[in-house]
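Colleague: Could you walk me through this one? I'd like to hear how the terms follow from their definitions.

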Amino acid sequence: MNVTIIDHPLIQHKLTIMRRQETSTASFRRLVNEIAMLLCYEVTRDLPMTAEQIQTPMERMDAPTLAGKKLCFVSVLRAGNGLLDGMLNLIPSARVGHVGLYRDHDTLEAVEYYYKVPSDIADRLVIAVDPMLATANSAIAAVQRLKDGGAVNIKFLCLLAAPEGVKAFGLAHPDVELYTAAVDRELSKEGYILPGLGDAGDRIFGTK
Ligand code: URA
């Protein structure tokens with residue numbers, strides 16, 4: 001499969017608490033924030049580095065520093081917003097874009113209603129985020145929209161994926177690396193991930 005599973009004990013433990021139906025909105029939100037930081041840490045593991053000469057209180061040294069392209073996080077609205085805070089805690093200088101898509105409940109197809117990203121998106125490493133990769137219709141459409149808008153270097157980060165979504169995403173965007181904390185068993189006929197954690201947006205925002 002064309003996917004990196006970020007199988008870290010802290011992430012898996014937090015994910016298990018998020019899956020429990022009795023987990024409160026406040027706890028779920030805090031956990032999304034924490035897990036987003038841990039996922040972001042892993043997704044950015046291979047950022048290019050350079051050396052910069054600095055002066056410590058003791059002497060001069062060539063010190064490692066991030067090189068090259070700047071980052072842009074893109075939230076696939078609305079649940080993607082839940083991952084942004086944690087990621088921005090780690091990389092406060094990242095730019096943020098938004099792609100608004102809703103899932104047509106009958107066709108499960110993605111329909112765009114909002115798009116705003118930095119004008120220099122072509123020069124940035126784009127990390128698009130949406131907690132749930134179910135059918136992958138929204139993710140595929142969001143990434144296509146970003147490519148149409150000029151983005152050339154894109155990674156996609158989610159929390160949970162269905163095998164069907166991973167396959168569809170890989171077929172549509174074989175050039176985009178996909179990261180997730182887990183790939184669950186299957187997609188329900190209603191388009192939910194099983195066993196999953198329910199509707200991520202509703203659980204983050206308490207809208208159930
Ligand atoms: N979106 C969600 O929030 N949950 C799912 O299980 C599938 C899509």
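**Strands, helix and ligand**

Modeller: Sure, and keep in mind that this is a predicted model. Let's begin with S4 and S5, which run parallel and are joined by six bridges.

Colleague: What makes S4 and S5 a pair?

Modeller: Pairing takes at least two bridges. S4 and S5 have six, so they count as paired. One of the bridges links Phe-73 with Val-96 in S5.

Colleague: Which residue stands opposite Phe-73 in S7?

Modeller: That's Ile-127. S4 (residues 70–77) and S7 (residues 124–129) are parallel too, with six bridges.

Colleague: Why is the pairing in the sheet called mixed?

Modeller: S4 and S5 are parallel, whereas S5 and S6 run antiparallel, again over six bridges. In that antiparallel pair, Tyr-102 faces Val-111 in S6. The whole sheet has seven strands, in the order S1-S11-S9-S7-S4-S5-S6, and is open.

Colleague: Why is one side of S1 and of S6 left without a neighbour in the sheet?

Modeller: S1 (3–5) and S6 (110–116) are at the edges and each has a single partner strand, so one side stays free of a neighbour in the sheet.

Colleague: How do you know that helix H3 touches the sheet?

Modeller: Contact means C-beta atoms within 7 Å. H3 (residues 81–90) has such contacts with S4, S5 (95–103) and S7, and its direction makes about 155° with that of S4.

Colleague: What makes up the shell around the ligand?

Modeller: Six nonpolar residues, three polar and one charged. Among the residues around the ligand are Met-132, Tyr-192, Gly-196 and Asp-199. Asp counts as charged, and Gly as polar.

Definitions and conventions
Residues numbered from 1 in each chain as written. Predicted model: local features only at pLDDT ≥ 70, side-chain atom pairs only at ≥ 80, totals over all residues. Helix = DSSP H or I, 4+ residues; strand = E, 2+ residues; numbered from the N terminus. Contact = placed C-beta atoms within 7 Å. Axes fitted to C-alpha atoms, helices over the stretch in contact; angles between N-to-C directions. Near = placed C-beta within 6 Å.
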